[in-house]
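Here are some questions about how the words used for a structure are earned. Each answer sets a value against a definition.

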Amino acid sequence: MLQFNKRLQDGLSLVNTTDIGKVSGLVGRVCTALAAGCSQVFTEEEEEKLSGSLGLKVEQIKHLTHTILYIMQQAAQGMVRPASLGEQLKVAGVLEDRVEFFVQNWSIHARAIVDRLRQHSLADRQLKEVGWSLNLETSSSCLARQACPVAHLQLGLDKGSGWEREEKETEKIVLQFNQEQLFGLYTQLEQIQEQLDALR
């Protein structure tokens, strides 16, 4: 189900008030960009031209583009059928003639967009490597002869969004867990695994 916050609702208002022929072109361009895995739909120069031809500020052009992009990404992530996408957009207040452009373009580009999303994550960090060590913290002045196990996990994360894989750099994060915290993490990972198994 598509979720729209206040800012996205404002974007839907732009969809409704923008010249209908231009909306059709914008939706098609966004779908083509998503299917190709492009991180940017329009160049700054193209945004300036659109601003002039639509009578909107450049910020409004960006907002309009972002709203269309959001709708198509959410449709892809939810594997939404074209008819369902149309119904959800109508409920959200999009005019029927504009809904048709979304449904038509989604019908044409859905497979390519979903395939591209399967290849790339939208997250801005990707786990690349995991290292670990186990240490014993021994007695202090308060707790003589007591050893507390402490686990250290080092995560190597590739920075850069799934659509922008060219410029990657690795960020290292070190996490420290006592026995109880580590068991809690293990339990959560097991729950995640069970849910993934249930989807197969």
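Q: Why is L26 called buried?
A: Buried means under 20% relative accessible area, exposed means over 50%, and partly exposed lies in between, with a 1.4 Å probe and protein chains only. L26 has a relative accessible area of 4%, so L26 counts as buried.

Q: What kind of model is this, and how are its residues numbered?
A: The model is predicted: local features need pLDDT of at least 70, side-chain atom pairs count only at pLDDT 80 or more, and totals for chains, interfaces and linings use all residues. Residues are numbered from 1 along each chain as its sequence is written, and side-chain values use heavy atoms, with hydrogens and water left out.

Q: Where does L26 lie, and which residues is it in contact with?
A: L26 lies in helix α2. Contact means heavy atoms within 4.5 Å. Leaving aside neighbours within four places in sequence, L26 is in contact with F42, L50, L54, L64 and I68. Between L26 and V15 there are 9.8 Å in space, C-alpha to C-alpha, and the two are 11 residues apart in sequence.

Q: What makes a stretch of the chain a helix or a strand?
A: Both are DSSP runs, numbered from the N terminus: helices are H or I with at least four residues, and strands are E with at least two. By that count the chain has seven helices and three strands. From the N terminus on, the order is α-α-α-α-α-α-β-β-β-α.

Q: How much of the chain counts as buried?
A: Of its 200 residues, 34% count as buried.

Q: Why is α2 called roughly parallel to α6?
A: Two packed helices are described by the angle between their axes and the distance between the axes. Axes are lines fitted to C-alpha atoms, for helices over the stretch in contact, and angles run from 0 to 180 degrees between N-to-C directions. Angles under 35 degrees count as roughly parallel, over 145 as roughly antiparallel, 65 to 115 as roughly perpendicular and the rest as oblique. The axes of α2 (residues 20–36) and α6 (residues 96–119) come within 8 Å and cross at roughly 10°. That angle makes α2 roughly parallel to α6.

Q: Which classes of residue make up the contact of α2 with α6?
A: Ala, Val, Leu, Ile, Met, Phe, Trp, Tyr, Cys and Pro count as nonpolar, Asp, Glu, Lys and Arg as charged, and the others, Gly among them, as polar. The contact has 11 nonpolar, five polar and three charged residues.

Q: Why does H109 count as buried?
A: H109 is at 17% relative accessibility, so H109 counts as buried. H109 lies in helix α6. Not counting residues up to four places away in sequence, H109 touches G28, C31 and T32.

Q: What makes α1 roughly perpendicular to α4?
A: The axes of α1 (residues 6–17) and α4 come within 9 Å and cross at roughly 105°. This crossing makes α1 roughly perpendicular to α4. Their contact has eight nonpolar, five polar and two charged residues.

Q: How do you know that T67 is buried?
A: T67 has 0% relative accessibility, so T67 counts as buried. T67 is found in helix α4. Leaving aside neighbours within four places in sequence, T67 is in contact with L8, G11 and L12.

Q: What makes an empty space a pocket, and what volume has the largest pocket?
A: On a 1 Å grid over the protein atoms alone, a cavity is a set of points where a 1.4 Å probe fits but cannot get out, while a pocket is an open set with protein on both sides within 12 Å along at least five of seven lines; lining residues have an atom within 4 Å of a point. Grid points are joined across faces, edges and corners, and a volume is the space filled by probe spheres set on the points. The largest pocket holds about 290 Å³. It is lined by 13 residues, and S39, Q40, V41, H66 and L69 are the closest to its centre. Helix α4 (residues 58–77) gives the most to this lining, with five residues.

Q: Which helix gives the largest share of the lining of the second largest pocket?
A: The largest share, seven residues, comes from α6. The volume of the second largest pocket is about 220 Å³. Its lining divides into six nonpolar, one polar and four charged residues.
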